[in-house]
Amino acid sequence: MNSPIDRKHTGPRMSKIVRHAGIIYLCGQTSNGKDVTDIAGQTRELLSRIDALLAEAGSDRSLILSATVYLRDISDFGAMNEEWEAWVPAGSAPARTTVETRLASPGLLIEITIVAAAS
């Protein structure tokens, strides 16, 4: 039996949310890259975006299965982790990978992609 694929906020390039067979996939989330210029602030901003998208998709941060974190500069790893660890519920840390990479805009310091279970 095939499960339907539900896409939300779909444009010609991507969907912000894709839900299939009880799994939720979020596109990479960033801050706006303009108002907040430090890693802690950008991390907090994008984590709040993740919260909103997960809620819309019928999930929450305690159900995150995996996360991929992209940092412009790996020296921001410690400051990003402080925000991440304050955000992730105790006992609910997902599988996670963090890499250093170029991001789409010079003002962006971080991007996170999430896969979560539906509630």
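Histidine 20 is a handy place to start in this predicted model, since two pairings of the sheet can be read off from that one residue. On one side, histidine 20 stands opposite isoleucine 23 in S3. Histidine 20 of S2 is also the bridge partner of isoleucine 5.

Take the S2–S3 side to begin with. These two strands run antiparallel and are joined by 4 bridges, and isoleucine 17 has leucine 26 in S3 as its bridge partner. Together S2 and S3 make a hairpin, with 2 residues between them. Alanine 21 sits in that turn and has a positive phi of about 50°. Over on the S1 side, things are also antiparallel, with 5 bridges joining S1 to S2. This pair forms a hairpin too, and here 4 residues lie between the strands.

Zooming out, these strands belong to an open sheet of 6 strands, ordered S1-S2-S3-S6-S4-S5, with mixed pairing. At the edges are S1 (5-10) and S5 (95-100), each of which pairs on one side only. On average, neighbouring strands of the sheet are turned by 10° against each other, direction ignored.

Next comes S6, which spans residues 110-117 and has S3 and S4 as its neighbours in the strand order. S3 and S6 run antiparallel, with 5 bridges between them, and glutamine 29 stands opposite isoleucine 112 in S6. On the other flank, 7 bridges join S4 to S6, again antiparallel. One residue pair here is isoleucine 64 with its bridge partner in S6, alanine 116. The pairing of S4 (residues 64-71) with S5 is a parallel one, and it is made through 6 bridges. In this pairing, tyrosine 70 has valine 99 of S5 as its bridge partner.

Now for the helices. H1, made of residues 39-57, lies across S1, S2 (15-20), S3 (23-29), S4 and S6. The direction of H1 is at about 25° to S6. H2, made of residues 77-87, lies across S4, S5 and S6, and runs at about 155° to S5. Both helices thus appear in the picture of S4 and S6: H1 lies across these two strands, and H2 does as well.

The helices also meet each other. H1 and H2 pack at an angle of about 35°, and their axes are 8 Å apart. Their crossing is right-handed. From H1, the contact draws on Ile39, Ala40, Thr43, Arg44, Leu47, Ile50 and Asp51. H2 brings Ala79, Met80, Glu83, Trp84 and Trp87 to the contact. Sorted by class, this contact between H1 and H2 has 8 nonpolar residues, along with 1 polar and 3 charged ones.

Finally, there is the question of open space in the model. The largest pocket has a volume of about 170 Å³. Its lining is made up of Met14, Cys27, Gly28, Thr30, Ala104, Ser105, Leu108 and Glu111. By class, the lining of this pocket splits into 4 nonpolar, 3 polar and 1 charged residues.

Methods:
Residues numbered from 1 in each chain as written. Predicted model: local features only at pLDDT ≥ 70, side-chain atom pairs only at ≥ 80, totals over all residues. Heavy atoms only, no water. Pairing = 2+ DSSP bridges. Axes fitted to C-alpha atoms, helices over the stretch in contact; angles between N-to-C directions. Contact = heavy atoms within 4.5 Å. Left-handed = near helix turned anticlockwise from the far one by under 90°. Nonpolar A, V, L, I, M, F, W, Y, C, P; charged D, E, K, R; others polar. 1 Å grid on protein atoms, 1.4 Å probe; cavity = no way out; pocket = protein on both sides within 12 Å on 5 of 7 lines; lining within 4 Å. Points joined across faces, edges and corners; volume = space filled by probe spheres on them.
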